[in-house]
Amino acid sequence: MIKALVVFFLLIGSSVSWAQSITSETEGGEKKKWRAIVDVQHVPALREDQEAYTDVVAIGDYFLNKKHRVRVLQSGSKLYQKFDSEYEFQTADTQLYHYYAFEDKPLGLGYIWRNQFSLPVSDISGRDDLVTRLTSMMFINKVLNGGSLFLSLRPFGRYNWYKYRTSAGGRRLPLYTFGATALASYSVNDKVAITGVAYYSIEGTNSSQFDPDFVQKENGIYSFTVSSSYQLTKEISAYASYSSGAANYINQGRYEVYLYDQDNSRYGLGLTAMF
């Protein structure tokens, strides 16, 4: 389960592996028109019943001006099984973004409005007959302590558009998702940064075959990640991370937040290149 949460962090742009790109989230643009980011993270298996995997994320940014930026993101995961013949590479949906940076900064806060459009190219989306996902997120950012401390609150809403209300196996598909991400990053010096990310969301599904407007809340998800990154060169940084969380904990009656869960807690090592 935690793998899905980690991948979701990558998709919403809050991955701790991008600590070095935080400045671009608070400003509207850069002198360079183009920017490319490649992130590779490996999560080893700590027990025999866990599976190791490697996540790869490729990002392309184009800065139209100081206010507008567009982004395309493609991610995938290499899964490692116990037998060499069973490995596979899974591609996630392609994500298209538009960022709008507000000029006004009331209370010294920076505001960025991001809208996201998903292209269903993954096997999972194909099996569930996904048409698209539309997500709108507001970045509320604050820089403190002379620029060394960065805080960000990111509430969002998502509408999931499927051809049918349930999957082929009868599983109810999510209709909407509401949640928020909170991020804090502290730069110890020019090379070392410590970052924490917390995420929470609630999904709603159409649980009535007779009333299309009846939506039931379920599938609450929370997760958090703590990482430390080190700037190796101007373009490349390395990081180590710890992640944990729970999915569907509302239906399971799990309202507690566990700092460590032997089933879901994972450690990761990664490299980020930004050009």
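**Surface patch, core and side-chain contacts**

Trp-161 is partly exposed, with a relative accessible area of 46%. The model is a predicted one. Trp-161 belongs to strand S8. The residue also contributes to a nonpolar surface patch, together with Val-72, Leu-96, Phe-117, Leu-119, Val-121, Leu-134 and Tyr-159. The patch covers about 680 Å². Two strands, S6 (110–119) and S8 (149–162), each provide at least two of the patch residues. A patch residue must have over 30% relative accessible area. Trp-161, at 46%, clears that cut-off and yet stays in the partly exposed class.

The interior was examined next. In soluble globular proteins, nonpolar side chains tend to be buried together. Here the largest nonpolar core holds 14 residues. Within it, the most contacts are made by Ile-59, Leu-73, Tyr-99, Ile-112 and Phe-139. Three strands each give at least two residues to this core: S2 (53–63), S5 (94–101) and S7 (130–144). The top contributor is S5, with 3 residues.

Two of these core residues recur among the aromatic contacts. Tyr-99 and Phe-139 join Tyr-97 in one aromatic cluster. The ring of Tyr-99 also carries a charge contact: the charged end of Arg-69 sits over it, 3.9 Å from the ring centre.

Aromatic pairs number 8 in total. One of them joins Trp-34 and Tyr-62, with ring centres 4.6 Å apart. The planes of these two rings meet at 50°, so the pair is classed as tilted. Trp-34 is in strand S1 (residues 34–43), whereas Tyr-62 is in strand S2. The pair therefore ties together parts 28 residues apart in sequence. The two partners fall into separate accessibility classes. Trp-34 counts as exposed, at 59% relative accessibility. Tyr-62 is partly exposed, at 25%. A further pair is formed by Tyr-176 and Phe-178. Their ring centres lie 5.0 Å apart and their planes stand at 45°, so this pair is tilted as well. Tyr-176 has 18% relative accessibility and counts as buried, because the cut-off for that class is under 20%.

The search for salt bridges covered the whole structure and returned 5. Arg-69, already noted over the ring of Tyr-99, forms one with Asp-61, at an N to O distance of 3.5 Å. Both Arg-69 and Asp-61 are buried. These two residues also take part in a salt-bridge network with Arg-35 and Arg-71.

Another salt bridge pairs Glu-103 with Lys-67, at 3.4 Å from N to O. This pair links distant parts of the chain, 36 residues apart. Glu-103 is in the loop between S5 and S6, while Lys-67 is in the loop between S2 and strand S3 (68–79). Glu-103 is exposed, with 59% relative accessibility. Lys-67 is partly exposed, with 28%.

Asp-93 and Arg-133 form a salt bridge too, with the closest N and O atoms 3.3 Å apart. Asp-93 lies in the loop between strand S4 (88–91) and S5, and Arg-133 lies in strand S7, so the contact ties together parts 40 residues apart in sequence. Asp-93 is buried, at 5% relative accessible area. Arg-133 is partly exposed, at 22%, because the limit for a buried residue is under 20%.

The backbone was checked for positive phi values. Most residues other than glycine have a negative phi. Asp-129 departs from that pattern with a positive phi of about 55°. Its place is the loop between helix H3 (123–127) and S7. Asp-129 is partly exposed, with a relative accessible area of 28%. Asn-145, also not a glycine, has a positive phi of about 55°. Asn-145 sits in the loop between S7 and S8. At 54% relative accessible area, Asn-145 is exposed, because that class begins over 50%.

Note on methods. Residues are numbered from 1 along each chain as its sequence is written. This is a predicted model: local features need pLDDT of at least 70, side-chain atom pairs count only at pLDDT 80 or more; totals for chains, interfaces and linings use all residues. Side-chain values use heavy atoms; hydrogens and water are left out. A nonpolar core is a set of buried Ala, Val, Leu, Ile, Met, Phe, Trp, Tyr and Cys residues joined through side-chain atoms within 4.5 Å. Buried means under 20% relative accessible area, exposed over 50%, partly exposed in between (1.4 Å probe, protein chains only). Helices (H or I, at least four residues) and strands (E, at least two) are DSSP runs, numbered from the N terminus. Rings of Phe, Tyr and Trp (its six-membered ring) pair if their centres lie within 6.5 Å; planes under 30 degrees apart count as stacked, over 60 as edge-to-face and the rest as tilted. A charge sits over a ring if NZ of Lys or CZ of Arg is within 6 Å of the ring centre and within 35 degrees of the ring normal. Patches are made of residues with over 30% relative accessible area and no salt bridge: like charges are joined within 9 Å, nonpolar side chains (Val, Leu, Ile, Met, Phe, Trp, Tyr) within 5 Å. Accessible areas come from the Shrake-Rupley method with a 1.4 Å probe; for residues, only the protein chains shown count as cover. A salt bridge is a side-chain nitrogen of Lys or Arg within 4 Å of a carboxyl oxygen of Asp or Glu.
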